[in-house]
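This report looks at the pairing of charged side chains in one protein model. The sequence and structure are shown first, and the salt bridges are then described with their surroundings.

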Amino acid sequence: MTVHSRARLQQRAIPPLVVDLLMQFGSASRANGAERLIFDKSAIKRLLHHLGGDRGLKVVERWLNVYAVVGDNGLVVTAAHKREHFRRR
């Protein structure tokens, strides 16, 4: 993670665990020269299976609207809460 991303996570009350889950189970799309990771329907299904069902998912449900931007070097650039739908290309 970059210094910028650590600051943004703290400012936006996003636990680093959520970014780790995005890196493992999130769906990626290219956006402005970087990868954007989101929890879409298929990512939530994978996460649901990993966490052991609805009860496990309930723990992270609050952060399912979070996205992370990962640079080509593999570092998390930033993370934020989605306010609108992203267009798929």
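## Salt bridges in the predicted model

R30, E35 and D72 are joined to one another through a network of salt bridges. The coordinates come from a predicted model, and a search of the whole structure yields three salt bridges, which are listed here with the distance between nitrogen and oxygen.

| Salt bridge | N to O distance |
|---|---|
| R30 and E35 | 3.5 Å |
| R30 and D72 | 2.9 Å |
| E61 and K58 | 3.5 Å |

Within the network, R30 pairs with E35 and also meets D72 in a salt bridge, with N and O 2.9 Å apart. Because R30 lies in strand β1 (residues 27-31) while D72 belongs to the loop between β3 (66-70) and β4 (76-81), this pair ties together parts that are 42 residues apart in sequence.

As for solvent accessibility, R30 is partly exposed, its relative accessible area being 47%, and E35 is likewise partly exposed, at 26%. D72, by contrast, has a relative accessibility of 61% and therefore counts as exposed, since the cut-off for that class is over 50%.

The remaining pair is formed by E61 and K58, whose closest N and O atoms are 3.5 Å apart. Here E61 is partly exposed, with a relative accessibility of 44%, whereas K58 reaches 58% and so falls in the exposed class.

As a general point, side chains that carry opposite charge can pair when their charged atoms come close.

Note on methods:
Residues numbered from 1 in each chain as written. Predicted model: local features only at pLDDT ≥ 70, side-chain atom pairs only at ≥ 80, totals over all residues. Heavy atoms only, no water. Salt bridge = Lys/Arg side-chain N within 4 Å of Asp/Glu carboxyl O. Buried < 20%, exposed > 50% of the residue type's maximum accessible area, 1.4 Å probe, protein only. Helix = DSSP H or I, 4+ residues; strand = E, 2+ residues; numbered from the N terminus.
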